[in-house]
Structures are given as C-alpha cells and as structure tokens.
Amino acid sequence: ILMPLSICKDVGMVSVQKIIEERNSHGKFKDFVSGITRLVNAGVDKNVIENLIYAGGFDEFNHTRHTMIEALPNVLMYASAHKGEISLMDSLDDAPIINEVRDDNMVRAENEKSVLGFYFSFNPIVEIKNKYHINTDNLYNLSISNGYVSGFGLIERVKSLRTKKGDMMAFVDIVDDKGNLSLAVMPNIYANFASQLVKGKYVYFEGNMERQASCLVKQMKVI
C-alpha cells in the first residue's frame, strides 16, 4: 500500500514538492545519510523529516525507525556542514556512523499513529490481545450486536460525571483495529476502577448492549 507523503502530519505540499524536485533532479534516494543530506539541501525542515521517519517513509533504507531518529541530529549536522555539496553524495567518507537500535513495536506504533492518525504497519491492540489470549469479537461487530457481549479495546476518552444521586460514573470511549464503542460504567463498578480508567490503558469488559455502539458494563478489567 502506497500513501501520499502529504498524509503525514506537518508534511505540506511545499515540502512534498521540494522532495519530488530533488528526486527528479538527482535521482533516487540511495541511503539514509545521503538522502537526508539531499533533503536538507533542498530545504526540507527537520520536523518534516522526523514525521516521515515515524510514518515509515525511510523504511526502505533498512534501518529501524528508532535508529534513524537517534542518528538524525548527527546526520543533520553533517548535512549542514556539506550544504550545497551535492557532488559529495557518492563519496561520504566522513559520514556519521549509524548505530543500530531495536524498535519497540508499541512505541513505533504510537509514533506512527501520531503522524498518520491511524495504525498502519503494526496494531498494538492486536498484539495485546494475542499476548493475553483474548479472543473477543472486534468492536465493530459488537457495536451492531444485541444482548450480553464481551470485548476488548484501547481507552481513548473518559468522561466522568455524577448521577442524580451524587455518585460518580463514567462513559468510556474505546477503540480497536476495527471500530469503536462507548462503555457506560456505573457507580458500583466505577468505584473500583476510577483511578485506572485513563486514556492509553486497555480494558476487557462484559456487559449488555443497550443501544448501537453503547454497552452497559457488568464486569471489567483494566490492563
């Protein structure tokens, strides 16, 4: 699957045009160091380069994204020192040494989502379900189901409020790789999980589907 560069956060059409013009003028980008040096020469900003790394735009250079982010400051210093010296691109004797660092898949996925708006190469929710042997149906199917269900998802938003009796409850919005669902967590359950119900946590739940895409929670566990 190929996506336009402009889908990345902060990568506007001006930056895209600079990248395309540089490739058309001097050929394909062959490796990470020379590629970044050429982009700097073309006037592409650091934050654009960082977001393209997070999005996977440089994966074909066969370095992990963590490696490229860690190496970027030195590569940018090198690029600045050789600004305008396009003739050096095939002879990088003083190029920075790239020390490989392993990616953390969870961090990689969150960084990817932060610049694309969605998980693309790896979905941590699927990984967590496999790790804990959770075999629930996806949230999209649950959202159009009836009756008693069980499910699992990532907390995206928590809205706490008081009932007419003055007890605290919450509506918890969760997502997975297929859809989203709203959980109604009533006072008797909320009291036991209030401190754990925060954005970024994973939750297993059981309950009754009250209406489309809304579940009245009967049991839950926060991971």
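These legends accompany close-up views of a predicted model.

**View 1. Helix α6 and its buried side.**
Helix α6 runs over residues 124–131. Its buried residues are P124, I125, I128 and K129. They fall on the same side of α6, because the arc they cover around the axis is only 140 degrees. Residues three or four places apart in an α-helix point the same way, because there are 3.6 residues a turn. The exposed residues N130 and K131 sit on the face of α6 turned away from the buried side. Cover for the buried residues comes from elements including α5 (105–116) and the strands β1 (147–162), β2 (168–175) and β4 (202–211).

**View 2. The two ends of α6.**
At the N-terminal end of α6, the cap is N123. A side-chain oxygen of N123 lies 2.9 Å from the backbone nitrogen of I125. I125 is also one of the buried residues of α6. Just after the helix comes H133, with a positive phi of about 55 degrees.

**View 3. T136, in the loop between α6 and α7.**
The loop that holds T136 connects α6 to α7 (139–143). T136 counts as buried, because its relative accessibility of 14% is under the 20% limit. Beyond its neighbours within four places in sequence, T136 is in contact with K129, S150, G151, F152 and Y204. K129 is itself a buried residue of α6. The strand β1 spans 147–162 and β4 spans 202–211, and both help to cover the buried residues of α6.

**View 4. Helix α2, mostly covered.**
Helix α2 takes in residues 32–41. Nine of its ten residues are buried. They are F32, V33, S34, G35, I36, T37, R38, L39 and V40. These buried residues pack against three helices, α1, α3 and α4.

**View 5. The two ends of α2.**
At the start of α2, D31 makes a side-chain to backbone approach. One of its side-chain oxygens comes within 3.2 Å of the backbone nitrogen of V33. V33 is among the buried residues of the helix. Just after α2, G43 has a positive phi of about 90 degrees.

**View 6. The largest pocket.**
The largest pocket holds about 800 Å³ of space. Its lining counts 26 residues, and those closest to the centre are L5, G56, G57, F58 and E60. Two helices, α1 (13–26) and α3 (46–55), each supply at least two lining residues. The largest share, four residues, belongs to α1. By class, the lining has 18 nonpolar residues, three polar and five charged. Both α1 and α3 also pack against the buried residues of α2.

**View 7. The second largest pocket.**
The volume of the second largest pocket is about 160 Å³. Its lining is made by Y54, R65, H66, I69, E70, D103, D104, V107, R108 and N111. Helices α4 (65–81) and α5 each contribute at least two of these residues. With four residues, α4 gives the most. Five lining residues are charged, three are nonpolar and two are polar. Among the elements at this pocket, α4 also packs against the buried residues of α2, while α5 is part of the cover over α6.

**View 8. K9 and D10, before α1.**
K9 lies in the segment before α1. K9 is partly exposed, with a relative accessible area of 46%. Leaving out residues up to four places away in sequence, K9 touches N51, S114 and V115. D104 stands 95 residues from K9 along the chain, and 21 Å separates their C-alpha atoms. D104 also belongs to the lining of the second largest pocket. D10 is found in the segment before α1 as well. D10 is not a glycine, yet its phi is positive, at about 70 degrees.

**View 9. A213, between β4 and β5.**
A213 occupies the loop that links β4 to β5 (214–222). Its phi is positive, near 65 degrees, in a residue other than glycine. A213 is partly exposed, with a relative accessible area of 24%. The strand β4, on one side of this loop, helps to cover the buried residues of α6.

How values were computed
Residues numbered from 1 in each chain as written. Predicted model: local features only at pLDDT ≥ 70, side-chain atom pairs only at ≥ 80, totals over all residues. Heavy atoms only, no water. Buried < 20%, exposed > 50% of the residue type's maximum accessible area, 1.4 Å probe, protein only. Arc of directions from axis to C-beta. Contact = heavy atoms within 4.5 Å. Polar contact = N/O pair within 3.5 Å; in protein donor to acceptor, adjacent residues only side chain to side chain. 1 Å grid on protein atoms, 1.4 Å probe; cavity = no way out; pocket = protein on both sides within 12 Å on 5 of 7 lines; lining within 4 Å. Points joined across faces, edges and corners; volume = space filled by probe spheres on them. Nonpolar A, V, L, I, M, F, W, Y, C, P; charged D, E, K, R; others polar.
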